[in-house]
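Colleague: I'd like a close look at one part of this model, please. Could you start from a single spot on the chain and then walk me inwards from there?

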Amino acid sequence: MVDRLANSEANSRRISIVESCFGAAGQPLTIPGRVLIGEGVLTKLCRKKPKARQFFLFNDILVYGNIVIQKKKYNKQHIIPLENVTIDSIKDEGELRNGWLIKTPTKSFAVYAATATEKSEWMSHINKCVTDLLSKSGKTPSSEHAAVWVPDSEATVCMRCQKAKFTPVNRRHHCRKCGFVVCGPCSEKRFLLPSQSSKPVRICDFCYELLSTGDMAACQPARSDSYSQSLKPPLNDVSDDDDDDDSSD
């Protein structure tokens, strides 16, 4: 079916509409063989609170962005190559239901659909696209994934020292290796994680010690297949940056 749609006028028109919705700031999306599989609004768990994001699934990439005007204008376009994607279901807990993890070497995060059926369809289509891509390329699924960041609202004190309380002065940071919310003194070190950045990135002291001794396996992300949490109201704005996808700490 995908092959039949690849060069169809209807598919080209749909992709052109998506491009126009992102405007001049967005990357071109039309390339030979690319097919728009589906689209919809998912709730993305950002560092401060869950936020609605528009997602577009193509046969080779996953694209999402902030909603400015529904079906007309989006910004902050993000493009994720599906060859690098692994997805894992999240157990329902509290008000956060119908969720799954989207994991890549560069960035990992949780999303939630409105219904269980919608979740099932998204996961099925994503898995099918990833399987087809890997089959054609002969590549193996990625075994390395960036940590899913623990939301700010889950940590009133540093998750490493368990002592430092977060305030407007003592701000929150995130370890890029484990995803924990940590204080400044517990995350003064930086380490090169090539899959995430060409420059050394902030990591907590615990992960730094493990990475420095080469014990990569012991330095596990804070959240994995068993990712779960309760939906909590956002705390006062005391984090060290906003919760968009370009946040640096």
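Modeller: Let's start with lysine 71, which counts as exposed because its relative accessibility is 62%, over the 50% cut-off. Keep in mind that this is a predicted model. Lysine 71 sits in the loop between β3 and β4, the latter covering 73–81. Its backbone is worth a look too: lysine 71 has a positive phi of about 65°, although it is not a glycine.

There's another residue of that kind to set beside it. Asparagine 98 is not a glycine either, and its phi is positive, near 60°. Asparagine 98 is also in a loop, here between β5 (86–90) and β6. Its surroundings are another matter: with a relative accessible area of 12%, asparagine 98 is buried, because that value is under 20%.

Now follow the strands on either side of the lysine 71 loop, taking β4 to begin with. Tyrosine 74 is in strand β4, and it pairs with phenylalanine 22 of helix α2 (residues 9–22), so this contact links distant parts of the chain, 52 residues apart. The ring centres are 5.7 Å apart and the planes are at 50°, so the pair of phenylalanine 22 and tyrosine 74 is tilted. Both partners are tucked away: tyrosine 74 counts as buried at 2% relative accessibility, and phenylalanine 22 is buried at 6%.

On the β3 side, look at tyrosine 64. Tyrosine 64 and phenylalanine 109 make another tilted aromatic pair, 5.4 Å centre to centre with 55° between the planes. This one links distant parts of the chain as well, with tyrosine 64 in strand β3 and phenylalanine 109 in strand β7, 45 residues apart. Tyrosine 64 and phenylalanine 109 are both buried. The two also belong to a bigger arrangement, since ring pairs link Phe55, Tyr64, Phe109 and Trp122 into a cluster. Phenylalanine 109 has a charged visitor too: the charged end of lysine 44 sits over its ring, 4.9 Å from the centre. In total, the model has 8 aromatic pairs.

From here we can step into the nonpolar interior. In soluble globular proteins, nonpolar side chains tend to be buried together. The largest nonpolar core in this model has 21 residues, and Phe55, Leu82, Trp100, Ile102 and Ile126 have the most contacts inside it. Two or more residues each come from β2 (50–58), β3 (61–69), β6 (99–103), β7 (108–112) and α3 (116–137). Of these, α3 gives the most, with 7 residues. Apart from that core lies another one, of 18 residues, including Ala155, Cys183, Leu193 and Cys207.

Two side-chain contacts further along the chain round off the tour. Histidine 173 is in strand β8 (residues 173–174), and it is buried, with a relative accessible area of 11%. Its side chain makes a polar contact with the side chain of arginine 202, at 3.4 Å. Then there is lysine 189, which lies over the face of tyrosine 208, at 5.5 Å from the ring centre.

Methods:
Residues are numbered from 1 along each chain as its sequence is written. This is a predicted model: local features need pLDDT of at least 70, side-chain atom pairs count only at pLDDT 80 or more; totals for chains, interfaces and linings use all residues. Side-chain values use heavy atoms; hydrogens and water are left out. Helices (H or I, at least four residues) and strands (E, at least two) are DSSP runs, numbered from the N terminus. Buried means under 20% relative accessible area, exposed over 50%, partly exposed in between (1.4 Å probe, protein chains only). A polar contact is a pair of N or O atoms within 3.5 Å; within protein, one must be able to donate a hydrogen and the other to accept it, and residues adjacent in sequence count only if both atoms are side-chain atoms. A nonpolar core is a set of buried Ala, Val, Leu, Ile, Met, Phe, Trp, Tyr and Cys residues joined through side-chain atoms within 4.5 Å. Rings of Phe, Tyr and Trp (its six-membered ring) pair if their centres lie within 6.5 Å; planes under 30 degrees apart count as stacked, over 60 as edge-to-face and the rest as tilted. A charge sits over a ring if NZ of Lys or CZ of Arg is within 6 Å of the ring centre and within 35 degrees of the ring normal.
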